[in-house]
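Colleague: Could you walk me through this model and tell me what stands behind each label? I would like to hear the reasoning as well as the names.

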Amino acid sequence: MRIDVISLFPDMFGVVRDSGVTGRAHNQGIWALHAWNPRDFTHDIHRTVDDRPYGGGPGMVMLAEPLKQTLQTIRTQRGTTSVDNAPVILLSPVGKRFDQSLAARLANSAGAIFVCGRYEGVDQRFIDGYVDEQWSLGDFVLSGGEIAALAMIDAAVRLMPGALNHGDSSLQDSFQDSISGLLDSPHYTRPELLWDQPVPPVLLSGNHASIARWRREQSLALTSKNRPDLLEHARHLGLLTKSDEKFLDSLKT
Ligand code: 4GY
């Protein structure tokens with residue numbers, strides 16, 4: 001998979017290229033990252049990438065032309081003009097909310113070209129002419145799209161085959177994230193007694209059925225408390241058993 005990003009701060013992408021799971025996967029050639037600065041595609045002496053908004057108002061708007069020039073260079077290097085090979089995705093709070101299924105879609109694709117806006121936004125004519133999709137990390141406003149792109153790249157790359165060396169844990173995660181539809185249960189490691197708090201005894205019992213049931217109940221209780229919307233969704237999909245429902249009932253009293 002090849003990811004291209006267009007950003008006035010391309011150095012920010014060193015984080016995902018060089019560290020942790022995503023850095024190791026990058027070194028293994030599982031994915032490649034190319035970060036492009038639209039300032040390098042300006043032609044004026046000031047290397048201008050923004051200008052004042054028509055109609056007035058605060059702040060500046062990103063110029064369409066340097067973004068278009070950057071995109072054309074990327075398309076030439078990628079050797080294609082087809083959108084299904086590499087969709088152009090703008091990071092914006094007006095976009096479709098990013099979730100685990102979009103992460104999986106990206107992980108199973110040939111890649112994407114992420115456009116990171118700065119200032120008040122991007123000239124709408126670039127969006128209309130060149131952007132295929134808009135994705136949002138959440139209902140808040142960042143000072144640029146970079147941190148949203150970093151989060152999405154991280155979420156996708158860790159799902160790619162070979163990215164997590166212990167392949168089991170990605171299975172566990174995907175079970176939690178997309179099969180059970182519930183929040184993950186708590187984790188414990190050594191020592192057995194820490195700050196007067198013991199590890200829940202069931203986890204030391206060696207009884208794998210009891211451990212699975214305890215984890216399931218922890219997930220149900222946490223999801224009910226923090227994300228009742230996810231619980232309702234899981235119920236709608238028929239992912240809750242009679243035993244789950246009985247446990248959830250017992251929480252109400
Ligand atoms: N939230 N999800 C987000 C964002 C900053 C438009 C320029 C978000 O993805 N991107 O807040 N991006 C943009 C917003 C103007 C800065």
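Modeller: Gladly! Let me begin with the naming: a helix here is a DSSP run of type H or I with at least four residues, and a strand is an E run of at least two, numbered from the N terminus. On that basis Asn 165 sits in the loop between H6 and helix H7 (167–180). Please keep in mind that this is a predicted model.

Colleague: Thanks. What makes Asn 165 count as exposed?

Modeller: Exposed is the word used over 50% relative accessible area. Asn 165 reaches 59%, so the word applies. As for its place in space, the C-alpha atoms of Asn 165 and Leu 239 are 29 Å apart, with these positions 74 residues apart along the chain.

Colleague: And Thr 223, buried or exposed?

Modeller: Buried: the label needs a value under 20%, and Thr 223 has 0%. This residue belongs to helix H8.

Colleague: Which residues does Thr 223 touch, leaving out those up to four places away in sequence?

Modeller: Its contacts are Leu 182, Leu 183, Pro 228, Leu 230 and Leu 231. Asn 108, by comparison, is 28 Å from Thr 223, C-alpha to C-alpha, and 115 residues away in sequence.

Colleague: Now to the strands. How do you know that S5 and S6 pair?

Modeller: Pairing takes at least two bridges between the strands. Strand S5 (residues 88–97) and strand S6 (residues 111–116) have four, in the parallel sense, so they qualify. Within this pair, Leu 91 is placed opposite Cys 116 of S6.

Colleague: What about S5 and S7, how many bridges are there?

Modeller: Five bridges connect S5 with strand S7 (residues 133–136), and these two also run parallel. Arg 97 has Ser 136 of S7 as its bridge partner.

Colleague: What kind of unit do S5, H4 and S6 make?

Modeller: Together with helix H4 (residues 100–107), the strands S5 and S6 form a right-handed β-α-β unit. It is called right-handed because, with the strands pointing away from the viewer, the path over the helix runs clockwise.

Colleague: Let's turn to charges. Why is the contact of Asp 244 with Arg 216 called a salt bridge?

Modeller: The cut-off is 4 Å from a side-chain nitrogen of Lys or Arg to a carboxyl oxygen of Asp or Glu. In this pair the N to O distance is 2.6 Å, so the term fits. Asp 244 lies in helix H10 (residues 242–252) and Arg 216 in helix H8 (residues 208–226), so the bridge ties together parts 28 residues apart in sequence. Both partners are buried, Asp 244 at 0% and Arg 216 at 18%. Arg 213, Arg 216, Glu 217 and Asp 244 are linked in a network of salt bridges.

Colleague: How many salt bridges does a search of the whole structure find?

Modeller: The search gives 15. Among them is the one between Arg 235 and Glu 245, at 3.0 Å from N to O. This pair links distant parts of the chain, Arg 235 in helix H9 (residues 228–236) and Glu 245 in helix H10, ten residues apart.

Colleague: Why are Arg 235 and Glu 245 called partly exposed?

Modeller: Under 20% would be buried and over 50% exposed. Arg 235 has 31% and Glu 245 has 28%, so both fall in between.

Colleague: Which residues have the most contacts inside the largest nonpolar core?

Modeller: They are Ile 3, Trp 31, Phe 114, Trp 135 and Ile 153, in a core of 30 residues. H6 supplies the largest share, eight residues. Phe 114 touches residues including Ile 3, Leu 91, Trp 135 and Ile 153. A second, separate core has 18 residues, including Trp 36 and Val 131.

Colleague: Last one: where do the domain bounds fall?

Modeller: The domain assignment gives domain 1 (2–157) and domain 2 (174–251). Their centres, taken over C-alpha atoms, are 37 Å apart.

Technical notes:
Residues are numbered from 1 along each chain as its sequence is written. This is a predicted model: local features need pLDDT of at least 70, side-chain atom pairs count only at pLDDT 80 or more; totals for chains, interfaces and linings use all residues. Side-chain values use heavy atoms; hydrogens and water are left out. Buried means under 20% relative accessible area, exposed over 50%, partly exposed in between (1.4 Å probe, protein chains only). Domain bounds come from an automatic or database domain assignment. A nonpolar core is a set of buried Ala, Val, Leu, Ile, Met, Phe, Trp, Tyr and Cys residues joined through side-chain atoms within 4.5 Å. Contact means heavy atoms within 4.5 Å.
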